[in-house]
Amino acid sequence: MIDPDDPPRWWTVEEANAALPRVTAALSRAQTDIGERVEKVSAAATANGHSHPEPHVFPEVVRELEAEGIVLRDVERGLVDFAAQTPNGRGFWLCWVIGEPEVAWWHWPEDGFAGRTPLSEPPG
């Protein structure tokens, strides 16, 4: 897990928005991987119970995003956080859910998704 006070990098809103096409692609790969695994487990349960282990994309996607300071919070919802920093140095998360047109929300690390606040009310 990424420490919001010491991430691999700090993101600006503009940088996070510019990254959304590749983040969306990564999330889509992870969601497809999860869906395929669920289907295989269901098929194995109704068959003889045997399935062949295969490499999974999901862990690769998590590592790929975290290497950039992006945290995949919920693969089904497509929820990610980008590590950001206030002018006084306090870490916070820029929050985005797949399907939203841009990064428009933020929250403090201790508040999580429930503390999601619009960027029109910036952290201070």
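Begin the tour by selecting Thr86, which is buried with a relative accessible area of 5%. The model on display is a predicted one. Thr86 belongs to the loop that connects β2 (79–85) with β3 (91–97). Show the side chains here: that of Thr86 makes a polar contact with the side chain of Asn88, at 2.3 Å. Next, display the residues around this position. Apart from its neighbours within four places in sequence, Thr86 is in contact with Phe92, Trp108 and Pro123.

**The whole chain**

Zoom out and colour the chain by secondary structure. The chain holds 2 helices and 5 strands, and along the sequence these follow the pattern α-α-β-β-β-β-β. There are 124 residues in the chain, of which 34% count as buried. With the surface switched on, about 7,200 Å² is exposed, and carbon and sulfur atoms supply 55% of that area. Among contacts in the chain with a separation of 6 or more, 44% are between residues 24 or more positions apart.

**The sheet**

Select the strands now. The 5 strands form an open sheet in the order β1-β2-β3-β4-β5, with antiparallel pairing. β1 (70–74) and β5 (117–118) each have a single partner strand and stand at the edges, so one side of each is left without a neighbour in the sheet. In general, strands of a sheet pair through backbone hydrogen bonds, either parallel or antiparallel.

Move to β3 and β4 (residues 105–107): these strands run antiparallel and are joined by 3 bridges. To find one position across this pairing, select Leu94, which stands opposite Trp106 in β4.

**Asp81 in strand β2**

Select Asp81, whose place is in strand β2. Is Asp81 buried or exposed? Its relative accessibility is 2%, so Asp81 counts as buried. The side chain of Asp81 makes a polar contact with the side chain of His107, at 3.1 Å. Leaving aside neighbours within four places in sequence, the residues in contact with Asp81 include Gly69, Ile70 and Val71, as well as Trp93, Leu94 and Cys95. Arg73 is also in contact with Asp81.

**Aromatic rings**

Display the rings of the aromatic residues. How many aromatic pairs does a search of the whole structure find? The search finds 4 aromatic pairs. Select Trp11 and Phe82: this pair is edge-to-face, with 5.1 Å centre to centre and 70 degrees between the planes. The pair links distant parts of the chain, since Trp11 is in the segment before α1 (13–46) and Phe82 is in strand β2, 71 residues apart. Both Trp11 and Phe82 are buried.

Continue to Phe92 and Trp108, whose ring centres are 6.2 Å apart and whose planes stand at 80 degrees, so this pair is edge-to-face as well. Phe92 lies in strand β3 and Trp108 in the loop between β4 and β5, so the pair ties together parts that are 16 residues apart in sequence. Phe92 is buried at a relative accessible area of 6%, and Trp108 is buried at 13%. Add Trp106 to the selection: ring pairs link Phe92, Trp106 and Trp108 into a cluster.

**Charges over rings**

For the final stops, select two arginines. The charged end of Arg9 sits over the ring of Trp11, 3.7 Å from the ring centre. The charged end of Arg73 sits over the ring of Trp93, 4.9 Å from the ring centre.

How values were computed
Residues are numbered from 1 along each chain as its sequence is written. Side-chain values use heavy atoms; hydrogens and water are left out. Helices (H or I, at least four residues) and strands (E, at least two) are DSSP runs, numbered from the N terminus. Buried means under 20% relative accessible area, exposed over 50%, partly exposed in between (1.4 Å probe, protein chains only). A polar contact is a pair of N or O atoms within 3.5 Å; within protein, one must be able to donate a hydrogen and the other to accept it, and residues adjacent in sequence count only if both atoms are side-chain atoms. Contact means heavy atoms within 4.5 Å. Two strands pair if DSSP finds at least two bridges between them. Accessible areas come from the Shrake-Rupley method with a 1.4 Å probe; for residues, only the protein chains shown count as cover. Rings of Phe, Tyr and Trp (its six-membered ring) pair if their centres lie within 6.5 Å; planes under 30 degrees apart count as stacked, over 60 as edge-to-face and the rest as tilted. A charge sits over a ring if NZ of Lys or CZ of Arg is within 6 Å of the ring centre and within 35 degrees of the ring normal.
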